[in-house]
Amino acid sequence: PATSAATTISALVARGAGRPPTVERVVIPAPGPGQVRVAIRAAGVCHSDLSMIDGTLAPAFPLVLGHEAAGIVTELGAGVDRLSGGERVVLNWSPACRACWHCTAGRPWFCETSGRPSAARGTTADGTPLHVTLGLGALAEEVVVSQHAVIPVPAAVPFEQAALLGCAVLTGVGAVRNTARVAAGESVVVIGLGGVGLSAVLAAREAGAAQIIAVDVAAAKGSLASAAGATDFLLSDESLVRAIRERTDGRGADHAFECVGRAKTIETAWRSVRRGGGVIVVGMGGRDDVVGLGALDVFHSGRVLRSSVYGAADPDRDVPALAEEVLAGTLDIRPLITHRLALAEAPSALDRLTRGEGARSVVSF
Ligand code: APR
Ligand code: ZN
């Protein structure tokens, strides 16, 4: 039964860099061919949302924020065959075309059709077109998205946990499993303990890492780190690299995960690993923040510097698998959620990210 009408909803809209986003009334279109309408039930506030408005990135404005969410499919556009109404779904900000060079090579996270600037897609406020973050704009009561941007998960997964599977958890867990392939007994450093870094800690513990050294600038992150399974917690200061070496027989760790998104912390991660060790850049930094590595050091250290985009995951395969782990209790992501709030309070969650306070704030609808 097609209702096929544009609807007016509330959404978190950023009007420009440096300006606090506000909840606005927004018109979203009816689902077109191949699209679905999703009633959002929970949405996480991710550091990338902050990066949109604090000058780190330069998106087009006005912009509906949000890209980490779960909800219920409420309406199907023409030709939608892989979903039905009432299904519980996680939003995917990097839907794979399955046809481009990277997709056919098994790397859907590099899909050549994703990451293009989002068109306004008929989303408006007071008649003015709005952009939507990563094709989603999920800090909103409803979204209309491609059927390929939603992934069904079992109805038993609580919405607030399902939401996190779509960004922080897929990214942090994928960095450990898919990019670094951490093995039992190895040593791991995780720098930056937000939703992404704590997910990396969880996955490292699950992989059987013998030592998980969690690092942050905020001392209060120590208890979150140990709840996630870190064996050590260190404050990020001038003596950090020395402290990490002291705890790894003077050599440095096997892997370091940079989950902040800054050149300085990438350099620290580099110096934290042993000869031949691997640095995985998970954080998304700014264009003008340049990493400095000595040419002789790059040669002599034998280290590998790699990034992990969206956890080098196939979301269609890995999100349902993570959902099963959550249901089985083998992946307990509840410690990641430190604040629960209404949409109107989302700006305060962005402020907390600026201060490095708590981990994920999840908006419920
Ligand atoms: N050293 C160590 N930790 C730091 C430093 C530093 N110099 N600067 C900031 N941090 C910590 C913050 O205190 C915070 O705990 O990094 C953490 C980042 O966590 P969040 O802000 O919650 O970010 P998150 O959503 O987890 O995303 C992390 O991954 O996807 C990307 O764009 C995202 O770059 C961001 C990163
Ligand atoms: Zn995110």
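**Exercise 1. A tryptophan and its neighbour**

Is Trp109 buried or partly exposed, going by its relative accessibility?

*Solution.* Keep in mind that we're working with a predicted model.
- Step 1: Trp109 has a relative accessibility of 18%.
- Step 2: The cut-off for buried is under 20%, so Trp109 counts as buried.
- Step 3: Now look at Phe110, whose relative accessibility is 36%. That value lies between the limits of 20% and 50%, so Phe110 counts as partly exposed.

**Exercise 2. Aromatic pairs**

Search the whole structure for aromatic pairs and classify each one by its geometry.

*Solution.* Two numbers do the job here: a pair of aromatic rings is described by the distance of the centres and the angle of the planes.
- Step 1: The search of the whole structure turns up two aromatic pairs.
- Step 2: Take Trp93 and Tyr310, with ring centres 3.8 Å apart and planes at 15 degrees. Planes under 30 degrees apart count as stacked, so that's the label for Trp93 and Tyr310.
- Step 3: Place these two in the chain. Trp93 is in the loop between strand E6 (88–91) and helix H2 (101–104), while Tyr310 is in the loop between strand E17 (304–307) and helix H9 (315–328). They're 217 residues apart, and the pair links distant parts of the chain.
- Step 4: Check the burial: both Trp93 and Tyr310 are buried.
- Step 5: Then there's the pair from Exercise 1. Trp109 and Phe110 sit 5.9 Å centre to centre with 55 degrees between the planes, which makes the pair tilted.

**Exercise 3. The zinc ion**

Which protein atoms are the donors of the zinc ion (ligand 2), and how are the donor residues spaced in sequence?

*Solution.*
- Step 1: The protein donors are Cys46 (SG), His67 (NE2) and Cys167 (SG), at 2.0 to 2.3 Å from the zinc ion.
- Step 2: Written as a pattern, the spacing of the donor residues is C-x20-H-x99-C.
- Step 3: Cys46 and His67 are 21 residues apart and link distant parts of the chain. Cys46 is in the loop between strand E3 (35–45) and H1, and His67 is in the loop between strand E4 (63–64) and strand E5 (69–76).
- Step 4: For accessibility, Cys46 has a relative accessible area of 3% and is buried. His67 is buried as well, with 1%.

**Exercise 4. The shell around ligand 1**

Describe the surroundings of ligand 1, starting from the residues that come nearest.

*Solution.*
- Step 1: There are 23 residues around ligand 1, of which His47, Ser48, Asp216, Met284 and Arg360 come nearest.
- Step 2: Sort the shell by residue type, and you get ten nonpolar, ten polar and three charged residues.
- Step 3: Go through some polar atom distances. A side-chain N or O atom of His47 is 2.5 Å from an oxygen atom of ligand 1. A polar backbone atom of Val196 lies 3.0 Å from an oxygen atom of ligand 1, and a polar side-chain atom of Ser236 is 3.1 Å from a nitrogen atom of the ligand.
- Step 4: What about cover? On its own, ligand 1 has 730 Å² of accessible area, and the protein covers 91% of that.
- Step 5: Helix H1 (47–53) and helix H4 (195–206) are the elements that give two or more residues to the shell.
- Step 6: Ser48 is found in helix H1, and it's buried at 17% relative accessible area.

**Exercise 5. Backbone oddities**

Look at Phe61–Pro62, Asp126 and Leu134: what does the backbone do at each?

*Solution.*
- Step 1: Phe61 and Pro62 are joined by a cis peptide bond, with omega about -10 degrees. Pro62 is in the loop between H1 and E4.
- Step 2: Asp126 isn't a glycine, yet its phi is positive, about 50 degrees. This residue is in the loop between strand E7 (124–125) and strand E8 (128–129), and with 82% relative accessible area Asp126 is exposed.
- Step 3: Leu134 also has a positive phi, near 50 degrees. Its place is the loop between strand E9 (131–132) and strand E10 (142–146). At 35% relative accessibility, Leu134 counts as partly exposed.

Key:
Residues numbered from 1 in each chain as written. Chains lettered and ligands numbered in written order. Predicted model: local features only at pLDDT ≥ 70, side-chain atom pairs only at ≥ 80, totals over all residues. Heavy atoms only, no water. Near = heavy atom within 4 Å. Polar contact = N/O pair within 3.5 Å; in protein donor to acceptor, adjacent residues only side chain to side chain. Areas by Shrake-Rupley, 256 points an atom, 1.4 Å probe, with all protein chains shown as cover. Helix = DSSP H or I, 4+ residues; strand = E, 2+ residues; numbered from the N terminus. Nonpolar A, V, L, I, M, F, W, Y, C, P; charged D, E, K, R; others polar. Donors = N, O, S within 2.8 Å, 3.2 Å for Na, K, Ca; no water. Buried < 20%, exposed > 50% of the residue type's maximum accessible area, 1.4 Å probe, protein only. Phe/Tyr/Trp six-rings, centres within 6.5 Å; stacked < 30°, edge-to-face > 60°.
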